[in-house]
Amino acid sequence: MAESFNDLIEAAIIATKNSYSPYSHFSVGAALLSRDGKIYTGCNVESVSFPVGICAEQSALAAAVNDGKRKFTAIAIYSDSGVTPCGKCRQALAEFGDMWVITIDSKGVKKDLTLSKLLPDAFNKI
Ligand code: THU
């Protein structure tokens, strides 16, 4: 990976602070970098009706698409244990093509992945 994405990682860490996760007590923050260099952040937003909750990655994706962005270079995801995106988020992100996926945990351990590695042979009607 050519870039270090330090600003993106920092944005994901900051986004985690807004996590609304009173049921799981598992805070997640995500920061998505559009190809034109803007950063869009999101956190997980839970609901008393559990399936209604949304993940941090989908929050960030919605923010970016709402601002007219459809091409992305990378997404950084912060959580205490450094989770990779869930299956639903992988599919949601894959809608917009491949990108770097960087996960970070509370000890600062990073994983550099790609979406195509996390979701090989993704569903696509075309
Ligand atoms: N969560 C995310 O925000 N992103 C993921 O990739 C995995 C899980 C959230 C959903 C829920 O609010 C909490 O983490 C526990 O599963």
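This passage walks through the ligand site, the salt bridges, a nonpolar surface patch and two unusual backbone angles. The model is a predicted one.

The ligand comes up first. Around the ligand sit Ser24, Phe26, Val28, Asn44, Glu46, Cys55, Ala56, Glu57, Thr84, Pro85 and Cys86. Sorted by character, this shell comes out as six nonpolar, three polar and two charged residues. Some of these residues also put polar atoms close to ligand oxygens. For glutamate 46, a polar side-chain atom is found 2.5 Å from an oxygen atom of the ligand. Glutamate 57 likewise uses its side chain, with an N or O atom 2.7 Å from a ligand oxygen. With cysteine 86 the backbone does the job, and one of its N or O atoms lies 3.1 Å from an oxygen atom of the ligand. As for cover, the ligand on its own has 370 Å² of accessible area, and the protein covers 76% of that.

Next, the salt bridges. Side chains of opposite charge can pair when their charged atoms come close. Over the whole structure, a search turns up three salt bridges. One of them joins aspartate 36 to lysine 69, at 3.1 Å from N to O. This pair ties together distant parts of the chain, 33 residues apart: aspartate 36 belongs to the loop between strand 1 and strand 2 (39–43), and lysine 69 to the loop between helix 2 (56–66) and strand 3 (72–78). The partners sit in contrasting settings. Aspartate 36 has a relative accessible area of 52% and so counts as exposed, whereas lysine 69, at 14%, is buried because the cut-off for that class is under 20%.

Another salt bridge runs between aspartate 67 and lysine 38, whose closest N and O atoms are 3.3 Å apart. Here too distant parts of the chain are linked, with aspartate 67 in the loop between helix 2 and strand 3 and lysine 38 in the loop between strand 1 and strand 2, 29 residues apart. Aspartate 67 is partly exposed, at 37% relative accessibility, and lysine 38 is partly exposed as well, at 41%. Aspartate 67 also meets lysine 69 in a salt bridge, at 3.8 Å from N to O. Put together, Asp36, Lys38, Asp67 and Lys69 make up a linked network of salt bridges.

On the surface, Tyr20, Tyr23, Val45, Val48, Phe50 and Ile54 make a nonpolar patch of about 600 Å². Among these residues, tyrosine 23 belongs to the loop between helix 1 (6–16) and strand 1 (29–34). The relative accessibility of tyrosine 23 is 36%, so this residue is classed as partly exposed.

Lastly, a look at the backbone. Most residues other than glycine have a negative phi. Phenylalanine 5 is not a glycine, yet it has a positive phi of about 55 degrees. Phenylalanine 5 is placed in the segment before helix 1 and, at 6% relative accessibility, counts as buried. Aspartate 121, also not a glycine, has a positive phi of about 55 degrees too. Its place is in the segment after helix 4 (115–118). With 80% relative accessibility, aspartate 121 counts as exposed.

Note on methods:
Residues numbered from 1 in each chain as written. Predicted model: local features only at pLDDT ≥ 70, side-chain atom pairs only at ≥ 80, totals over all residues. Heavy atoms only, no water. Patch = residues over 30% accessible without salt bridge, like charges linked within 9 Å, V, L, I, M, F, W, Y side chains within 5 Å. Areas by Shrake-Rupley, 256 points an atom, 1.4 Å probe, with all protein chains shown as cover. Salt bridge = Lys/Arg side-chain N within 4 Å of Asp/Glu carboxyl O. Helix = DSSP H or I, 4+ residues; strand = E, 2+ residues; numbered from the N terminus. Buried < 20%, exposed > 50% of the residue type's maximum accessible area, 1.4 Å probe, protein only. Near = heavy atom within 4 Å. Polar contact = N/O pair within 3.5 Å; in protein donor to acceptor, adjacent residues only side chain to side chain. Nonpolar A, V, L, I, M, F, W, Y, C, P; charged D, E, K, R; others polar.
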